[in-house]
Amino acid sequence: MRFRTGASPPGTTPGVRPGLGIGRDTVKALHALGTGVIAVSRTNTDLVSLSKQCPGIETVCVDLGDWEATEQALGNVGPVDLLVNNAAMLLKQPFLEVTKDVFDRTFSVNLRSVVQVSQIVARGMIQRGVPGSIVNVSSMVAHVTFPNLAVYSSTKGAMTTLTKVMAAELGPYKIRVNSVNPTVVPTAMSQKVLTDPDFARKLKERHPLRKFAEMEDVVNSILFLLSDRSASTSGSGILVDAGYLAS
């Protein structure tokens, strides 16, 4: 399997789950490299606008939090050799106010969908006898605590272990699995965490580089893990956190 500028290897198609933010910019970057892309989102208007920006991509509209609908929509997708699991939702609740609905919905979108879509794609790779790469988009909150993010942080902490398990079990089939763990990036989801300007300022000051991550920084890490330049990297996580964990 090769992943290179201006060319896409026969049968190599990345599956990316974009709506807005990291997923969308990843699709645009892969499309610019001449790679075929299957983009998945629950919001059709996002897919329509993305198709206009990236002519030739395939799109699938489905709620990845719905197991049956996802199986129907993606059960026969492919061939896919590269997968980016990026679907996520964030609803702020203090720990003592966490509700069953928020817990179940967040885990179904942020974690269960990773299991389901990765199973579908990995089985296809194994059946075709091709190597592949899966990148799970996680967060630095898999390793640190933020107020009111008990459920969201738990999904990302679980993703860290899931990534390692997937790497161990899929490795014999030459399928690599890694994650990227960014700090705050300029997305609508991140703005939910930064509603308090004073908190945002203090948080930025805790980063040794005195900045949050740029979208391009995260996308470049994803591209690296998808490519053969990371051929010996599996079960790992790239922290795109401006040094936050070092502080």
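Select aspartate 198 to begin: in this predicted model the residue has a relative accessibility of 34% and counts as partly exposed. Keep aspartate 198 highlighted and add arginine 201, whose side chain meets that of aspartate 198 in a salt bridge, with 2.6 Å from N to O. The two residues lie in helix α7, which covers residues 197–206, and at 3 residues apart they are separated by about one helical turn. Arginine 201, with a relative accessible area of 41%, is likewise partly exposed.

Next, stay on arginine 201 and extend the selection to glutamate 205, where the two side chains form another salt bridge, this one at 3.2 Å from N to O. Here the spacing within helix α7 is 4 residues, again about one helical turn, and glutamate 205 is partly exposed at 42% relative accessibility. Adding Lys202 to the selection completes a network, since Asp198, Arg201, Lys202 and Glu205 are linked by salt bridges.

Now move to helix α4, residues 100–128, and select lysine 100 together with aspartate 104, which lie 4 residues apart in that helix, about one turn. Their side chains meet in a salt bridge with an N to O distance of 2.6 Å. Lysine 100 is exposed, because its relative accessible area of 61% is over the 50% cut-off, whereas aspartate 104, at 36% relative accessibility, counts as partly exposed.

To place these stops in the whole model, note that the count of salt bridges comes to 6, among them the pair of lysine 100 and aspartate 104 and the pair of arginine 201 and aspartate 198.

Terms used:
Residues are numbered from 1 along each chain as its sequence is written. This is a predicted model: local features need pLDDT of at least 70, side-chain atom pairs count only at pLDDT 80 or more; totals for chains, interfaces and linings use all residues. Side-chain values use heavy atoms; hydrogens and water are left out. A salt bridge is a side-chain nitrogen of Lys or Arg within 4 Å of a carboxyl oxygen of Asp or Glu. Buried means under 20% relative accessible area, exposed over 50%, partly exposed in between (1.4 Å probe, protein chains only).
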